[in-house]
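Colleague: Could you walk me through how to read a protein interface and a DNA contact surface in a model?

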Number of protein chains: 4
Amino acid sequence: MSTPQGEIRRGRGRPRTPGAEKRIIDAALEEYGEHGWSGFTMDGVARRAGVGKSTVYLRWQDKDSLLTDAVSSHSGDIGGVDTGSLRGDLHDLAVNLFSHYRDPAGWAALRVLVDAAGAPHQLGRFVETVADVQVRFIDQIAARAIERGEVPADLPAREIGQCVYGSVTMQTLGVRLEGREFDDAEIEERATVLVDVVLPQALRP
Amino acid sequence: MSTPQGEIRRGRGRPRTPGAEKRIIDAALEEYGEHGWSGFTMDGVARRAGVGKSTVYLRWQDKDSLLTDAVSSHSGDIGGVDTGSLRGDLHDLAVNLFSHYRDPAGWAALRVLVDAAGAPHQLGRFVETVADVQVRFIDQIAARAIERGEVPADLPAREIGQCVYGSVTMQTLGVRLEGREFDDAEIEERATVLVDVVLPQALRP
Amino acid sequence: MSTPQGEIRRGRGRPRTPGAEKRIIDAALEEYGEHGWSGFTMDGVARRAGVGKSTVYLRWQDKDSLLTDAVSSHSGDIGGVDTGSLRGDLHDLAVNLFSHYRDPAGWAALRVLVDAAGAPHQLGRFVETVADVQVRFIDQIAARAIERGEVPADLPAREIGQCVYGSVTMQTLGVRLEGREFDDAEIEERATVLVDVVLPQALRP
Amino acid sequence: MSTPQGEIRRGRGRPRTPGAEKRIIDAALEEYGEHGWSGFTMDGVARRAGVGKSTVYLRWQDKDSLLTDAVSSHSGDIGGVDTGSLRGDLHDLAVNLFSHYRDPAGWAALRVLVDAAGAPHQLGRFVETVADVQVRFIDQIAARAIERGEVPADLPAREIGQCVYGSVTMQTLGVRLEGREFDDAEIEERATVLVDVVLPQALRP
DNA sequence: AATTAATCGAGACGGTACGTCGGGTCTTATG
DNA sequence: CATAAGACCCGACGTACCGTCTCGATTAATT
């Protein structure tokens with residue numbers, strides 16, 4: 001988070017209202033979800049959260065920071081999978097990603113990400129989150145597979161991860177442009193097909 | 001383009017200045033490239049292009065349309081590849097995509113795309129352009145490969161295309177977040193690795 | 001006025017809406033009259049005038065300037081008196097001043113004046129207007145009286161003027177603090193008494 | 001003062017810091033003197049006085065009250081004159097007023113007064129102070145003069161007082177708008193001339 | 001050549017949101 | 001209790017842009 005509250009707040013003065021942070025973030029995500037980027041206004045967020053604008057600006061320096069933070073605070077446990085097989089892990093990873101993008105905050109995250117990459121100024125923890133998905137999660141999955149002897153040690157894990165993450169993203173982009181969303185069955189099916197494409201030769205059906 | 005100049009301009013009154021269209025689009029891309037979305041202003045574009053705002057609004061109905069148009073006007077011949085082998089075609093497709101993203105307009109296109117998907121309201125021809133890249137190009141490539149007998153007819157072409165397009169996008173996202181760009185050698189290498197991952201079993205090295 | 005439109009507006013771009021200036025000034029005076037200084041807001045003025053805030057700020061650099069200008073634009077013909085006698089002229093001057101202060105704009109003018117004197121930064125034409133009232137009008141009145149042979153040439157005209165202006169101001173201040181206003185009869189009576197006090201010895205009853 | 005501390009403070013809890021009242025008032029006058037009305041902020045006063053805002057608001061209900069109070073606490077003994085002659089008394093009264101206005105607090109008082117008259121809401125003791133200057137002091141001076149037999153009993157004392165108070169105010173206004181101040185010699189001279197104008201016929205030189 | 005009509009650069013227009021600031025209130029921990 | 005600190009809600013500030021509009025000045029094609 002860009003909210004620089006690492007330091008311990010010593011108790012002089014009125015403490016910051018505990019719930020406010022969360023209420024603002026929730027409001028931000030709702031506003032963004034309803035109105036998109038245009039129509040995502042700080043006044044609107046403050047009003048919806050039931051706080052004053054100064055309370056928002058006390059915590060985030062500007063609109064971008066707020067959205068970035070809001071979005072990265074919802075990047076859940078996408079990579080928290082462990083099915084016992086590489087195929088299963090990749091499948092679940094893909095499903096988790098598809099589901100992640102169905103959450104407005106999840107999709108918003110992509111937008112923020114593209115923004116951040118377009119004008120590299122403030123990154124912070126958010127980029128790490130992304131790196132996690134792109135790199136660490138897949139590394140863990142691959143490590144387990146190698147340990148199990150499923151695949152050779154020179155498995156191009158990261159490249160596979162990029163394909164999974166990228167393909168899910170592109171498919172979601174496509175379906176959203178059609179004005180639709182994937183239902184659970186579709187996700188299941190597409191995840192399966194995707195895994196078949198990227199899975200190492202030896203493990204394909 | 002969304003510029004609604006399909007109708008024939010019957011020549012009464014002053015004709016539109018020929019160069020203006022292009023100068024505005026170039027200015028738009030430069031402004032976007034320098035300042036990002038925030039900081040991309042119509043006044044700025046008009047000033048940089050040396051035209052009045054009315055000249056801009058005479059051709060594009062709003063800011064979104066201009067950027068969308070500017071961006072899609074630079075979507076070059078990504079899929080115009082024909083090397084004689086599926087491997088070669090996929091490799092060149094990946095290389096073209098990597099290069100496309102190095103062009104500010106190419107990167108901007110992704111941004112616009114994500115925006116459009118986030119708030120599905122006005123899409124128009126732009127979405128088609130994207131669909132083209134995702135679908136038509138890969139379909140052509142696959143059709144040729146099947147014709148040549150390289151691969152069976154049930155090749156999951158679109159899924160492979162999604163992987164290629166997606167992986168390139170994610171890798172570019174990653175490298176941009178690091179503040180870097182890929183050089184030609186890197187692109188070559190990454191394209192090769194990527195093709196190895198998504199290429200059907202039978203054609204792998 | 002602090003509106004720096006002395007230069008001739010050459011016809012490039014859309015000309016400023018002719019009526020706007022006046023509508024804004026009127027709105028300003030009404031807002032000030034209704035709500036006082038606090039509660040006199042630029043948003044309120046713009047809304048009441050039916051213009052955008054930018055239209056206001058295009059003409060006046062800030063709130064103070066607007067009020068100053070609004071107020072000085074209503075400093076009417078206080079000194080435009082010529083009754084044929086010094087006594088009559090002074091009497092009418094006093095009556096005009098009393099009446100001037102009954103106009104909200106007239107009273108506001110005093111407020112602005114005191115402010116300006118408290119923090120001497122931007123004065124401009126407004127101060128001149130005031131100086132006019134204090135000095136030029138009384139000088140004219142005195143000059144005519146001397147010409148007519150009513151009074152000697154060494155008449156302390158300015159000092160008399162200060163007494164008239166000051167006394168009317170203080171009396172108005174007093175009556176306003178009581179929450180009242182002078183009616184016409186009271187004004188008449190007080191003007192008469194005042195003139196008796198300041199009129200040169202020879203001309204007193 | 002509007003500080004509602006007529007009640008006896010029963011000694012429960014921490015007693016109010018003794019010096020605070022004065023420090024705040026001084027800070028208020030300094031802030032007002034330096035920045036004028038705009039730029040006179042409660043935060044600024046509290047900071048300068050080295051107290052918390054609550055300490056200020058515990059004593060004064062709002063900004064107006066504080067300034068009003070600060071200002072009226074410095075309204076010294078303007079009318080405390082007794083020279084033995086009407087001419088001398090009026091002269092000293094004028095000199096005292098001129099001097100009063102050289103004190104920032106003295107001038108600020110006028111601003112507060114005009115404010116109060118513009119929006120008659122809270123008056124309190126401050127108006128009385130003004131009434132004193134305008135009425136009581138001049139009444140006393142006149143009473144003594146009548147007692148001494150200097151002037152007839154129907155002397156228009158209040159009108160004379162208004163002229164003195166008003167003229168001094170207007171002259172000060174004028175000189176302040178020039179960005180100057182009167183020095184002692186100037187005050188002396190102007191007081192003398194002023195008295196000559198308003199003094200009853202029989203007592204003029 | 002005169003007329004007509006669309007486009008041009010410029011810039012003012014009514015709005016809306018920005019990020020800041022101040023007013024007056026409230027809530028802590030410390031006297 | 002009062003205090004110093006400082007967060008709170010509110011709303012105005014002055015700025016920047018949006019997309020529209022209105023100018024006078026071009027610039028052809030049509031009379």
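Modeller: Happily; we will take the contact of two chains, then their symmetry, then the DNA. Keep in mind that this is a predicted model.

Colleague: How much area is buried between chain D and chain C?

Modeller: The size of an interface is often given as the accessible area lost when the parts come together. Here chain D and chain C bury about 3300 Å² between them, and carbon and sulfur atoms give 69% of that area. The contact takes 37 residues from chain D and 38 residues from chain C.

Colleague: How many salt bridges and polar contacts should I look for between chain D and chain C?

Modeller: The count of salt bridges between these two chains is zero. Two residue pairs are in polar contact across the interface, both at pLDDT 80 or more.

Colleague: Which helix gives the largest share of the side of chain D that touches chain C?

Modeller: That is α8(D), with 13 residues. Helices α6 (104-118), α7 (125-147), α8 (157-177) and α9 (184-198) of chain D each supply at least two residues to that side. By residue type, the side of chain D that touches chain C divides into 23 nonpolar, nine polar and five charged.

Colleague: Now the symmetry. What rotation superposes chain D on chain C?

Modeller: A rotation of 179 degrees does it, with 0.1 Å of shift along its axis and an RMSD of 0.5 Å. The two copies are therefore related as by a two-fold rotation axis. In chain D, the C-alpha nearest the axis belongs to Gly166(D), at 1.8 Å.

Colleague: Why can we say that the copies meet through the same surface?

Modeller: Because 97% of the interface residues of chain D are also interface residues in chain C.

Colleague: On to the DNA. Which residues come nearest to DNA strand E?

Modeller: Of the 47 residues around DNA strand E, the nearest are Gly11(A), Tyr57(A), Thr55(B), Thr55(C) and Arg14(D). On the DNA side, sugar and phosphate account for 69% of the atoms of strand E that come within 4 Å of the protein. The protein surface near DNA strand E divides into twelve nonpolar, 16 polar and 19 charged residues.

Colleague: Which parts of DNA strand E do backbone atoms of Arg14(B), Thr17(B) and Gly50(C) approach?

Modeller: A backbone N or O atom of Arg14(B) lies 3.2 Å from a base nitrogen. For Thr17(B), a backbone N or O atom is 3.2 Å from a phosphate oxygen, and a polar backbone atom of Gly50(C) is 3.4 Å from a phosphate oxygen. Among the elements that give two or more residues to this surface are α2 (42-49) and α3 (53-59) of chain A.

Conventions: Residues numbered from 1 in each chain as written. Chains lettered and ligands numbered in written order. Predicted model: local features only at pLDDT ≥ 70, side-chain atom pairs only at ≥ 80, totals over all residues. Heavy atoms only, no water. Contact = heavy atoms within 4.5 Å. Buried area = accessible area lost by both parts, 1.4 Å probe. Salt bridge = Lys/Arg side-chain N within 4 Å of Asp/Glu carboxyl O. Polar contact = N/O pair within 3.5 Å; in protein donor to acceptor, adjacent residues only side chain to side chain. Helix = DSSP H or I, 4+ residues; strand = E, 2+ residues; numbered from the N terminus. Nonpolar A, V, L, I, M, F, W, Y, C, P; charged D, E, K, R; others polar. Near = heavy atom within 4 Å. Least-squares fit on C-alpha atoms with pLDDT ≥ 70 in both.
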